[in-house]
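Subject: That model you asked about

Hi,

Here is the structure to open before you read on. Have a look around it, and then compare your impressions with my notes below.

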Amino acid sequence: MINPAFSFTNLTESDVSRVAQEIAFLLQPGDTLALEGDLGAGKSTFARALIRAISGNPELEIPSPTFTLVQAYETPRFDIAHFDLYRLSDASEIDELGLDAALTRGIAVIEWPSRGDDRIPRDRFTIRFDETAAPDRRNVSLDTAADLRTRLERFTAIRDFLAGAGWGDASTAFSYLQGDASPRRYARLQKADGSRAILMDSPQRPDGPPIRDGKSYSAIAHLAESVRAFVAIDRALDAAGLSVPRIIAEDLAQGLLIIEDFGDKVFGAEIARGRDQAPLWKRGVDTLIAVQSTEPPSRIRLSDGTEFILPEADEGVLDIETQLLLDWYWPALHGKMPPQSARDAFTSLWKTTFKRVLSQPKTWLLRDFHSPNLIALDDRPSPRDVGIIDFQDAMIGPAAYDLVSLLQDARVDVPEDLEKKLLDHYVTATAARNPAFDRPEFRFSYAALGAQRNTKILGIFARLAMRDGKRQYLAHMPRIWGYLERDLQHEALTALKAWYDENLPRSLRAEALKI
């Protein structure tokens, strides 16, 4: 029996398209959508809206696959195979259409799935369309196997949240926003009057298995596991006069937020469009100086009466991140795990470095202060002319970390001369504000944390390629190595440089592209 929460009555064509957009938001590779209903019931309307939503192109031409039987689409999220089995004379013919192969690359949308008999995956989303007494209205119901039921429950939770916040009307456009490597999902909401906002879907993540001292990786690395961190830090930075998204509606228990939409002038995208990098990156540096001129609170009160405790960077965080190089990049390069002697030497050298870095004065450490998370707000005065959108993993820690995140951006080339110029600008401005600022020690911290961060990123990108099949991250490896080699030139990092040169020699570094 269909759960009433998954049934929708008397829907217009616009309503059906909106349901398709919302379902598209939750889909992931390997999903099968079986569309059932009589001729003219709305299956094709739904399929077209779904495919356009996933592609991000509302004008995409979606021809009927009635005669071709299958129509394929490549999108930034995943591939889509749109099947129409109405003309199938025998279920076995579906084997020639490539359904299994389609599900390894993306999703399958199947009209007339009953013609495929047991060839259609049992674990599927079934969406049924029924006509009503009114010719322009349809009833729609959703069902799925028990293993996928939580996905439909999330679907209804999001619909209820949006409706309660005033963003659930049928005239609202709902479009998925392509994110980065984060497990969070985002969608742009747009009402008929043009007002826009962003939906953040970030359900509480279960703690992973213990890997050290009874703690999970996320606990050791101080990674946020709910939206509470985002909400708390957002309010603290907003109170300090920075541009962070205004929170329009929140459900802390469900992990759902509606936040201000800063638009599409993301730093990385602006550079790709031909914008001059130097003044934009200088704005980023000036905004960071403004962030660090405020005292980070150790405790922040939330709307539900609880307190969020801002964690402090420690040796455990820095160490567990650098170990990603040994756990993922090394075996990708060498075909086996590192010998214990290499691991021990690596850990010992970094331990000495971390001790010195962590003795530095501490301030806000936003952790992801780089081009994908910074938006140019050209109509606002400095330092509010940069929108900061990702900070839920923030800590209290050494000031150099965020600066090196920006000036050694993992996804955008930052020329060495521009990096040096903006590093000098930061040092001069900070010394003018703080007479006790230790310039040589800061420059050591900058190089050391740059080496630490780029070491971590090599491990993360190798993991994304090997474990998750996201091979596009391999294209960034040469850039990361270039930054890391710059950092290891610091005289205090000579021993670390020798370890990298011996164990990951230059002659092998290009091999990362073959992972």
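First, a word you'll need: a residue counts as buried when its relative accessible area is under 20%. One more that goes with it: a salt bridge is a side-chain nitrogen of Lys or Arg within 4 Å of a carboxyl oxygen of Asp or Glu. Also keep in mind that this is a predicted model.

With those two terms, try Arg453, which sits in helix 13 (residues 439–466). Arg453 is buried, yet it has no salt bridge. How far away is the nearest side chain of opposite charge? That side chain belongs to Asp368, and it is 4.8 Å away. The 4 Å cut-off is why that pair isn't counted. What Arg453 does have is a reach from its side chain to the backbone oxygen of Arg367, at 3.4 Å. Leaving aside residues up to four places away in sequence, Arg453 touches Arg367, His370, Tyr401, Val404 and Ser405.

Now for charged residues that do find a partner. The structure holds 39 salt bridges, and I picked out a few for you.

Start with Glu22 and Arg159, whose side chains meet at 2.4 Å, N to O. Glu22 belongs to helix 1 and Arg159 to helix 4, so this pair ties together parts that lie 137 residues apart in sequence. Are the two partners buried or exposed? Glu22 is buried at 6% relative accessible area, while Arg159 is partly exposed at 24%.

Next come Arg212 and Asp319, which meet in a salt bridge at 2.7 Å, N to O. Arg212 is in the loop between strand 10 and helix 5 (217–220), and Asp319 is in helix 9 (residues 315–334), so parts 107 residues apart in sequence are tied together here. Arg212 is partly exposed, with a relative accessible area of 30%, whereas Asp319 is buried, with 10%.

Then there's Glu270 with Arg275, where the closest N and O atoms are 2.7 Å apart. Glu270 counts as buried at 8% relative accessibility, and Arg275 as partly exposed at 27%. Both residues also belong to a network of salt bridges, which links Lys265, Glu270, Arg273, Arg275, Arg283, Asp378 and Asp385.

On to the sheets. As a reminder, strands of a sheet pair through backbone hydrogen bonds, either parallel or antiparallel.

One open sheet has 5 strands in the order 8-9-10-12-11, with antiparallel pairing. Which strands stand at its edges? They are strand 8 (173–177) and strand 11 (247–251); each has a single partner strand, so one side of each is left without a neighbour in the sheet. From one strand to the next, the twist averages 20 degrees.

If you want to follow the pairing by eye, strand 8 and strand 9 (residues 185–190) are antiparallel and share 5 bridges. Look for Ala173 opposite Gln190, and for Ser175 opposite Arg188. Strand 9 is also antiparallel to strand 10, through 6 bridges, with Tyr186 opposite Met200. The hairpin of strand 9 and strand 10 has 5 residues between the strands, and Gly194 there takes a positive phi near 95 degrees.

Another open sheet has 7 strands in the order 1-7-6-2-5-4-3, and its pairing is mixed. Strand 1 (7–11) and strand 3 (70–73) are the edge strands, each pairing on one side only. Neighbouring strands here are turned by 15 degrees against each other on average, direction ignored. For a parallel example, take strand 2 (residues 32–36) and strand 6 (residues 125–131), which are joined by 4 bridges. Within that pair, Glu36 has Arg128 as its bridge partner.

Last, back to the two helices from the Glu22 and Arg159 salt bridge. Where do they lie relative to the sheets? In the 7-stranded sheet, helix 1 lies across strand 1, strand 2, strand 6 and strand 7 (138–144), at about 150 degrees to strand 1. Helix 4 packs on that sheet too, touching strand 1, strand 6 and strand 7, and its direction makes about 135 degrees with that of strand 7. As for the 5-stranded sheet, helix 4 (residues 149–164) lies across strand 8, strand 9, strand 10, strand 11 and strand 12 (256–259), running at about 40 degrees to strand 12.

Cheers

Terms used
Residues numbered from 1 in each chain as written. Predicted model: local features only at pLDDT ≥ 70, side-chain atom pairs only at ≥ 80, totals over all residues. Heavy atoms only, no water. Pairing = 2+ DSSP bridges. Axes fitted to C-alpha atoms, helices over the stretch in contact; angles between N-to-C directions. Contact = heavy atoms within 4.5 Å. Buried < 20%, exposed > 50% of the residue type's maximum accessible area, 1.4 Å probe, protein only. Lys, Arg positive; Asp, Glu negative; His and termini not counted. Polar contact = N/O pair within 3.5 Å; in protein donor to acceptor, adjacent residues only side chain to side chain.
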